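Here's a quick briefing to read with the structure open beside you. Take it topic by topic and click on the residues as you go.

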Amino acid sequence: MLEIIGLMADLQDEDKTILKGVNLNIGAGEVHAIMGPNGSGKSTLSYILSGKDGYEVTGGSATLDGVDLLDMEPDERAAAGLFLAFQYPVEIPGVGNMTFLRTAVNAQRKARGEEELSAGDFLKIVRAKAKTLHIDADMLKRPVNVGFSGGEKKRNEILQMAMLEPKMCILDETDSGLDVDAMKLVAEGVNALRSEGRSFLVITHYQRLLDHIKPDVVHIMADGRIIKTGGPELALEVENNGYADLLSEVA
Amino acid sequence: MAVAKLKSDATEARLAGMSLPAGLDVARKDASSRLMTMGLPHKRDEYWKYTDPASLTQADAPQAALFHNDEAPMFDAVDRLKIVFVDGVFDADASDDLEAEGVTITRLADVAGADIHWATELYGTLEARGQTPVARPLATLNSAFASDGVVIHAMGKVAKPINLIYLHGDTGSDVMLHSLVKVDAGAEVTLLETGPAAARFNSVLEVDVASGAAFHHVRSQGRDHERRAVTHCFAKLADQSLFKSFTLTFNGKLTRNECIIEMLGDDAVAHVAGACVGDGDDFHHDDTVFITHDALNGESRQVFKKVLRNGAVGVFQGKILVKEGAQKTDGYQISQSLLLDDDSQFLAKPELEIYADDVACSHGSTSGAIDEDALFYLQSRGVPRQTATNLLTLAFLAESLEEIADEALADDLRARLEGWMARHG
Ligand SMILES: Nc1ncnc2c1ncn2[C@@H]1O[C@H](COP(=O)(O)OP(=O)(O)OP(=O)(O)O)[C@@H](O)[C@H]1O
Ligand SMILES: [Mg+2]
C-alpha cells in the first residue's frame with residue numbers, strides 16, 4: 001500500500017536535514033505504529049507524505065499503490081486515498097464545519113470521476129457518523145475547529161476520516177489531549193474503519209492507544225530514521241524502559 | 001503654488017460653464033456658495049492623503065469603456081420596485097410605477113413642482129451638517145448640481161425593497177444624483193442601489209431615520225473596470241432607530257464611499273459595512289466613515305473587508321466620535337484586508353475620539369495573506385488549491401456580509417463574489 005524508500009528531506013528555509021533516509025513498507029489492511037522521541041521527525045514525515053510546503057525532498061521515494069505521492073498536489077494525494085489526522089488540527093474561522101466536509105467529500109468524488117453526494121444524502125451520512133463519535137449538531141454548524149476543545153478537534157479529525165474513507169490513514173498523536181472515554185470513542189471510530197483494503201500508520205507516544213488499536217508492526221523513529229522495527233511488544237518495551245536502551249543499541 | 005490657490009483654480013475650472021439646475025433653488029445656491037468657499041478637494045488635503053481626487057474633480061469625466069455584463073441583473077430573484085437611471089437619466093419604460101404600499105416615491109426633478117415640504121427642507125441639510133469637522137466638498141458639489149434622484153418617504157413597513165438601478169451606456173457620462181429618504185417613526189424601508197451608473201458618478205444620499213424606524217441599505221457597485229465613483233451617505237438617527245448599510249464593490253478604477261452618521265437619539269443602532277474585491281493596479285477603493293455619537297446608549301459597528309490582488313489598493317478611514325455626555329456608547333470598528341500577493345496595498349487610518357467616560361469602543365485594522373496552514377489543511381482533505389483559496393476568501397469576507405439582515409440579498413451577493421473569484425482565480 002504505502003512504500004517509503006530512503007526518504008530524505010530538509011527544511012526549505014533553514015539548512016537543516018530532518019529525514020535522513022526513512023524506510024517503511026505498509027501492506028494493505030495493516031496497522032503500523034511509529035513511536036519515537038520528541039523532535040525525531042514523525043510529524044515531518046506525515047507532512048511530507050501529505051504534501052505540506054516548506055520541506056525539500058532530497059532523496060528517496062514514497063508511493064501509494066505504486067503511484068508516486070511526492071509528485072502530486074496535496075489535494076491529489078487526498079483523492080488518491082491518503083489521509084492525515086493532524087497532531088494540531090487547524091482552526092478556520094468563517095468556514096462552517098459542514099460546508100468544509102461537504103466540499104471535501106465532493107471534491108474527492110469529483111477528482112475520482114464519481115458523482116457528487118446530494119445535500120440530503122450527505123446530511124444523513126454525516127449525522128450518523130457524527131453520532132457515533134459523540135459530535136453534536138452544534139459542533140457541525142460551527143466554523144471548522146474554532147473554539148473546539150483539544151479532544152473535540154481530534155474527534156473532528158476522525159469524523160473527517162470516516163467521511164472521506166481513505167485507504168491510507170496516518171494518525172499523528174490523535175490520542176494526545178483525549179480523556180479516557182474519548183480515546184475509546186476515537187479508537188472505536190478507527191477500528192470501525194479497519195478493513196482489508198485500508199491501512200493505518202499510527203504515530204503515538206503511548207501504549208494505551210495501542211491497547212485499543214492493535215498494531216501489526218511497531219517502528220521506532222529517532223533522528224530522522226527508523227531505527228528499529230518489531231511487533232507490538234516493542235511498544236511495551238518503550239512504555240517500560242523509555243528510549244535510552246534502544247538508542248544506545250543503534251549508536 | 002499654495003494649496004488654497006490650486007483648489008480655487010480647480011474649482012473655477014470645474015464649474016466653468018455649469019449652471020444650477022432648476023428647483024430647490026435656495027439649497028442649490030447655498031451649496032454653490034459653500035463650495036466656492038471650501039473649494040474642491042486636492043490630494044494635499046489630509047482627508048485625501050491616500051486617494052488622489054484629481055479624476056473626480058477635473059472638468060471632464062475621464063472616459064470609461066462600457067462593460068458587457070453577462071450575469072443576470074443584481075437581485076433579480078428578489079421582488080423589488082425597480083427605478084432605472086441610464087447614465088443618470090430616468091428611464092420610465094424600464095422602471096416600475098413609483099408606487100408601493102406604505103411609501104411615496106417622487107423623482108427629485110419633480111420635487112419643486114410637487115411642493116414636498118420635508119424634501120425641500122432636508123435637501124442639502126444633512127450634507128451641510130456633515131461638513132464639520134471635515135469638509136466633503138464633492139458632496140456639496142452634488143447638492144448644487146445634482147440633476148435628478150429619488151425622494152422616498154416611508155410611512156409604514158414598506159413591503160418590498162426599492163431598487164435604484166444605475167446603468168452605464170455612454171463612455172463619457174458624468175452623472176450626479178441626489179436622493180432623499182425619510183423614514184417615519186416606526187416605519188421600515190430597504191433601499192437597494194445597483195450598477196455602475198456612469199463613467200464618473202457622484203451620488204449623495206440623505207437619510208432621516210425617525211424614532212423607532214429602520215433603514216436598510218444594500219448596494220452593489222457594478223463590475224465596469226474603468227468607472228469612477230464618489231458617493232456620500234449622510235444619515236441622522238433618532239432614538240431607538242436602526243440604520244444598516246452594506247456595500248459590495250467589484251472592480252472600478254476609483255471608488256470613494258463616504259458614510260457620515262449622526263446618532264442624535266438614545267438607543268440608536270448604526271451598522272456600516274463593506275466588502276470590496278479588486279484585481280489589478282488600476283483598482284483603488286476607499287471607504288471613509290465618520291460616526292458621531294451624540295446620545296446615550298448608542299451602538300455603532302463598522303466592518304470593512306477588502307480582497308486585493310495584482311497591485312490593487314484599498315483605503316479605510318474610519319472614525320468614531322463620542323461626544324460629551326454620550327455615555328454607554330458601544331462602538332466597534334474593524335477594517336481588514338486580505339492581500340493575495342505582495343504588490344497590493346492596504347492603507348488604514350482608524351480613529352477614536354472620545355469625550356465621555358463610560359463607553360466601550362474598540363477598533364482594529366489588519367492586513368494579511370491567506371493563511372497557509374488553513375490552505376494546506378483544506379487541500380489535505382482533497383479540496384483543490386483554487387477552491388480552497390476561494391473558500392478562505394469568502395470566509396474572510398463573511399463578517400461583513402453578516403451585516404446584511406436579509407438573507408436572500410446576502411446570498412445573491414455571495415453568489416456574485418463566487419463568480420468574481422472564479423473569473424479572477
Ligand atoms: N517548519 C519548521 N521549522 C523549524 N524546525 C522544524 C520545522 N518543522 C520541523 N522542524 C524541526 O524538525 C524536527 C522534527 O520535528 P517533528 O515535528 O517532525 O518531530 P516529532 O517527531 O513529530 O516530535 P513530537 O513527538 O514532539 O511531535 C524538530 O527538531 C523540529 O524542531
Ligand atoms: Mg509530532
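What follows is a short tour of the chain contact, the ligand site and a few spots inside the chains.

Keep in mind that this is a predicted model. Chain A brings 29 residues to its contact with chain B, and chain B brings 17. Putting the two chains together buries about 1,800 Å². Ligand 1, meanwhile, has 16 residues around it.

**Where chain A meets chain B**

- Carbon and sulfur atoms give 69% of the area buried between chain A and chain B.
- There are 2 salt bridges between these chains. One of them joins B:Arg381 to A:Glu157, with the closest N and O atoms 2.6 Å apart.
- Polar contacts turn up too: 8 residue pairs across the interface of chain A and chain B, with both partners at pLDDT 80 or more.
- Six elements of chain A are worth colouring here: helix 1 (42-50), helix 2 (74-79), strand 6 (82-85), strand 7 (92-96), helix 3 (97-111) and helix 6 (150-164) each put at least two residues on the side that touches chain B.
- Helix 3 of chain A has the largest share of that side, with 5 residues.
- Sorted by class, the side of chain A that touches chain B holds 17 nonpolar, 7 polar and 5 charged residues.

**Around ligand 1**

- The closest residues to ligand 1 are A:Gly39, A:Lys42, A:Ser43, A:Thr44 and A:His205.
- In A:Thr44, a side-chain N or O atom sits 2.5 Å from an oxygen atom of ligand 1.
- A:Asn38 also uses its side chain, with an N or O atom 3.0 Å from a ligand 1 oxygen.
- With A:Ser40, it's a backbone N or O atom that lies 3.2 Å from an oxygen atom of the ligand.

**Helix 1 of chain A**

- How many residues of helix 1 of chain A are buried? The count is 9 of its 9 residues.
- Among those buried residues are A:Lys42, A:Ser43 and A:Thr44, which also figure in the list of residues closest to ligand 1.
- Further buried residues of helix 1 include A:Leu45, A:Tyr47, A:Ile48 and A:Leu49.
- Right after this helix comes A:Gly51, with a positive phi near 95°.

**Two spots to compare in chain B**

- B:Ser220 belongs to strand 10 (residues 214-221) of chain B.
- Is B:Ser220 buried or exposed? B:Ser220 counts as buried because its relative accessible area is 4%, under the 20% cut-off.
- Beyond its neighbours within four places in sequence, B:Ser220 is in contact with B:Met74, B:Glu193, B:Thr194, B:Gly195, B:Leu248, B:Phe250 and B:Leu413.
- B:Ala210 is in the loop between strand 9 (200-209) and strand 10 of chain B.
- Its relative accessibility is 22%, so B:Ala210 goes down as partly exposed.
- Leaving out neighbours within four places in sequence, the contacts of B:Ala210 are B:Val183, B:Asp184, B:Ala185, B:Ala238, B:Asp239 and B:Ser241.
- B:Ala187 is 23 residues away from B:Ala210 along the chain, and their C-alpha atoms are 8.2 Å apart.

**Helix 7 of chain B**

- Helix 7 (residues 137-145) of chain B is mostly covered, with 9 of its 9 residues buried.
- The buried residues of this helix include B:Pro137, B:Leu138, B:Leu141 and B:Phe145, along with B:Thr140, B:Asn142 and B:Ser143.

Definitions and conventions
Residues are numbered from 1 along each chain as its sequence is written. Chains are lettered from A and ligands numbered from 1 in the order in which they are written. This is a predicted model: local features need pLDDT of at least 70, side-chain atom pairs count only at pLDDT 80 or more; totals for chains, interfaces and linings use all residues. Side-chain values use heavy atoms; hydrogens and water are left out. Contact means heavy atoms within 4.5 Å. Buried area is the accessible area (1.4 Å probe) that two parts lose on being put together, summed over both. A salt bridge is a side-chain nitrogen of Lys or Arg within 4 Å of a carboxyl oxygen of Asp or Glu. A polar contact is a pair of N or O atoms within 3.5 Å; within protein, one must be able to donate a hydrogen and the other to accept it, and residues adjacent in sequence count only if both atoms are side-chain atoms. Helices (H or I, at least four residues) and strands (E, at least two) are DSSP runs, numbered from the N terminus. Ala, Val, Leu, Ile, Met, Phe, Trp, Tyr, Cys and Pro count as nonpolar, Asp, Glu, Lys and Arg as charged, and the others, Gly among them, as polar. Buried means under 20% relative accessible area, exposed over 50%, partly exposed in between (1.4 Å probe, protein chains only). A residue is near a molecule or strand if one of its heavy atoms lies within 4 Å of it.
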